[in-house]
Amino acid sequence: MSKGAKEVVVVIGAGSIGVAIARRVGAGRTVLLADHSDKAAQAAAERLRGEGYDVTTRVADVSDHAAVEALADAAAALGPVTQVVHTAGVSPTQASIERLLHVDLVGTAMVLDAFARVVAPGGAGIVIASMAGHRESPYAPEIEHALATTETGKLLELPFLQADRIGSTVHAYALSKRANSLRVQTAAVAWGKRGARVNAVSPGVIITPLALDELSGPRQQWFEQVRRVSAAGRFGTPDEVADAAAFLLGRQAGFITGADLLMDGGVTAALRTGELTIP
């Protein structure tokens, strides 16, 4: 790291939400944009560079422990890592149960571990989780405790995370996203030892290419019901998630860490009151 290096914002996931957050917090900083697809990372980087941002890219599969550790080291070599934004993930329509667990659950845990080593004092992180983590929770206390505290390398050994026990990608996704929230809560302790904070944001249906896959998939009718009965009466946008993330990453949220901000337009409320049921 060179003397006087600019602050570094790490954005993992070059999708719509990651790019929207990069726009909100990346001005005047070096943006390290990481994605499992070099093509996606380069395309997003070119858009951001065309808007005046200083962007470098790196290919990283968050389900690969060595790749995540190398990403953290590469970020620290660029300058003080003051903001970490983890948006990478797959959806129930896109992936198998095993892939969901490796990417959405274990991948997030590995990112939290790796960047706890390198985040700068005063820094902050965000994990983009999902309202799905609130849909079936809370789970039994012993499950919640295990998801929160089990050593990352042993998570997939947990009996209730075996594919035959989970049964469907929808349940695997919900479990993974609940784990995201719980891992953020426990990671806040390790990040706090470096003088840094970390939080989660749990969006509802946000219109992105990933969401459009879901909206045109087998649960299409259920998602239309979600839109109709939610208090907001609509789906969300990446810019709205970026607004929430920018707040949690900024100085105004200096007393907030280990939290999970649910922003779903009222979908979870509709589930709790019976206005909406899970298919």
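The points below go through this predicted model from its overall dimensions to its cores, one helix and its salt bridges.

1. Overall form. The protein is built from 12 helices and seven strands, and its C-alpha atoms fill a box of roughly 55 × 40 × 35 Å along the principal axes. For 279 residues, a compact globule would be expected to have a radius of gyration near 19 Å, and the 18 Å found for the protein agrees with that expectation.

2. Burial and contacts. Of the 279 residues, 54% count as buried. Among contacts in the protein with a separation of 6 or more, 77% are made by residues 24 or more positions apart.

3. The largest nonpolar core. In soluble globular proteins, nonpolar side chains tend to be buried together. The largest nonpolar core here has 55 residues, of which Val10, Ile12, Leu105, Phe115, Leu147, Leu161 and Trp191 touch the most other members. Helix α4 gives the most to this core, with 14 residues. If residues up to four places away in sequence are set aside, Leu147 touches Leu105, Leu155, Phe160, Leu161, Leu175, Ala179, Leu182 and Arg183.

4. A separate core. Apart from the largest core lies another, of 29 residues, whose members include Ile21, Ile206, Val241 and Leu249.

5. Helix α3, its length and ends. The 14 residues of α3 should span 20 Å at 1.5 Å a residue, and the distance of 21 Å between its end C-alpha atoms agrees with this. At the N-terminal end, Asp64 acts as a cap, with a side-chain oxygen 3.0 Å from the backbone nitrogen of Ala66. Just after the helix, Gly79 takes a positive phi of about 160°.

6. Helix α3, its buried residues. Ala67, Val68, Glu69, Leu71, Ala72 and Ala75 are the buried residues of α3, and what covers them includes the strands β1, β2, β3 (54-59) and β4 (81-86) together with helix α4. Glu69 therefore deserves a separate look, since an acidic residue appears in this list with a relative accessible area under 20%.

7. Salt bridges between α3 and α4. Side chains of opposite charge can pair when their charged atoms come close. Arg117 forms a salt bridge with Glu69, the closest N and O atoms being 2.8 Å apart; this pair links distant parts of the chain, with Arg117 in helix α4 (residues 97-118) and Glu69 in helix α3 (residues 65-78), 48 residues apart. The side chain of Arg117 also meets that of Asp73 in a salt bridge, at 3.1 Å from N to O. Because Arg117 lies in α4 and Asp73 in α3, this second pair ties together parts that are 44 residues apart in sequence. Through shared partners, Glu69, Asp73 and Arg117 are joined into one network. Within that network, Arg117 is partly exposed at a relative accessible area of 37%, Asp73 is likewise partly exposed at 42%, and Glu69 is buried.

8. A salt bridge outside these helices. The structure holds 12 salt bridges, one of which joins Arg29 and Glu7, whose closest N and O atoms are 2.8 Å apart. Arg29 sits in the loop between α1 (16-25) and β2 (30-35), while Glu7 belongs to the segment before β1 (8-12), so the pair ties together parts that are 22 residues apart in sequence. Both partners are partly exposed, Arg29 with a relative accessible area of 23% and Glu7 with one of 33%.

Definitions and conventions
Residues numbered from 1 in each chain as written. Predicted model: local features only at pLDDT ≥ 70, side-chain atom pairs only at ≥ 80, totals over all residues. Heavy atoms only, no water. Salt bridge = Lys/Arg side-chain N within 4 Å of Asp/Glu carboxyl O. Helix = DSSP H or I, 4+ residues; strand = E, 2+ residues; numbered from the N terminus. Buried < 20%, exposed > 50% of the residue type's maximum accessible area, 1.4 Å probe, protein only. Expected span 1.5 Å × (residues − 1). Contact = heavy atoms within 4.5 Å. Polar contact = N/O pair within 3.5 Å; in protein donor to acceptor, adjacent residues only side chain to side chain. Core = buried A, V, L, I, M, F, W, Y, C linked by side-chain atoms within 4.5 Å. Rg over C-alpha atoms; globule rule 2.2 N^0.38 Å.
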